[in-house]
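Subject: Structure handover

Hello,

Here is the structure I said I would pass on. My notes on what was found follow below it.

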Amino acid sequence: MHVKLSAAYRLSAQYPDYADVHPFHDALLAANPEGLLWGTDWPHPSIAAAAMPDDGHLLDLFADWTPDEGVRRRVLVDTPMRLFGG
């Protein structure tokens with residue numbers, strides 16, 4: 001099974017750092033890092049302008065929440081390559 005790590009802003013009440021979603025992110029990483037991908041979900045439809053996420057900040061949060069470089073590479077490069085080719 002594959003899961004896209006994205007849209008923390010849709011699950012969180014703690015804009016803009018979404019700290020309440022961080023444990024969910026950690027649980028997904030612990031359960032199946034080989035089955036995860038990351039994406040921004042741009043253009044963020046149906047999000048109020050006051051809560052519109054910054055895609056650069058979302059990537060920074062992903063990096064902060066995923067400190068292991070090997071796991072980051074798996075999520076950002078290896079799994080998408082395996083699924084979609086390249």
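D41 is partly exposed, with 23% relative accessible area. Please keep in mind throughout that this is a predicted model.

Salt bridges

D41 takes part in a salt bridge: its side chain meets that of K4, at 2.6 Å from N to O. The two residues come from distant parts of the chain, 37 residues apart, with D41 in the loop between β2 (36-38) and α3 (55-65) and K4 in strand β1 (residues 3-5). K4, like its partner, counts as partly exposed, and its relative accessibility is 47%.

How many salt bridges does a search of the whole structure find? The search gives three. Besides the pair of D41 and K4, there is one between the side chains of E34 and R74, with an N to O distance of 3.2 Å. This pair also links distant parts of the chain: E34 sits in the loop between α2 and β2, R74 sits in helix α4, and their positions lie 40 residues apart in the numbering. E34 is partly exposed at 39% relative accessibility, and R74 is partly exposed at 25%.

The remaining bridge joins the side chains of D78 and R73, at 3.5 Å from N to O. D78 has a relative accessible area of 31%, so this residue counts as partly exposed. As background, side chains of opposite charge can pair when their charged atoms come close.

Nonpolar patch

Helix α4 (residues 69-84) also matters for a patch on the surface, to which it gives the most, with three residues. The patch is nonpolar and is formed by L59, L76, V77 and M81, which together have about 300 Å² of accessible area. M81 lies in helix α4 and is partly exposed, with a relative accessibility of 43%.

S12 and its surroundings

Is S12 buried or exposed? S12 is buried, because its relative accessible area is 16% and the cut-off for buried is under 20%. This serine is found in the loop between α1 (8-11) and α2 (22-31).

Two polar partners of the S12 side chain are worth looking up. One is the backbone nitrogen of Q14, reached at 2.8 Å. The other is the side chain of D20, joined to that of S12 by a polar contact of 2.4 Å. Leaving out residues up to four places away in sequence, S12 touches Y18, D20 and V21.

Regards

Conventions: Residues numbered from 1 in each chain as written. Predicted model: local features only at pLDDT ≥ 70, side-chain atom pairs only at ≥ 80, totals over all residues. Heavy atoms only, no water. Helix = DSSP H or I, 4+ residues; strand = E, 2+ residues; numbered from the N terminus. Buried < 20%, exposed > 50% of the residue type's maximum accessible area, 1.4 Å probe, protein only. Polar contact = N/O pair within 3.5 Å; in protein donor to acceptor, adjacent residues only side chain to side chain. Contact = heavy atoms within 4.5 Å. Patch = residues over 30% accessible without salt bridge, like charges linked within 9 Å, V, L, I, M, F, W, Y side chains within 5 Å. Areas by Shrake-Rupley, 256 points an atom, 1.4 Å probe, with all protein chains shown as cover. Salt bridge = Lys/Arg side-chain N within 4 Å of Asp/Glu carboxyl O.
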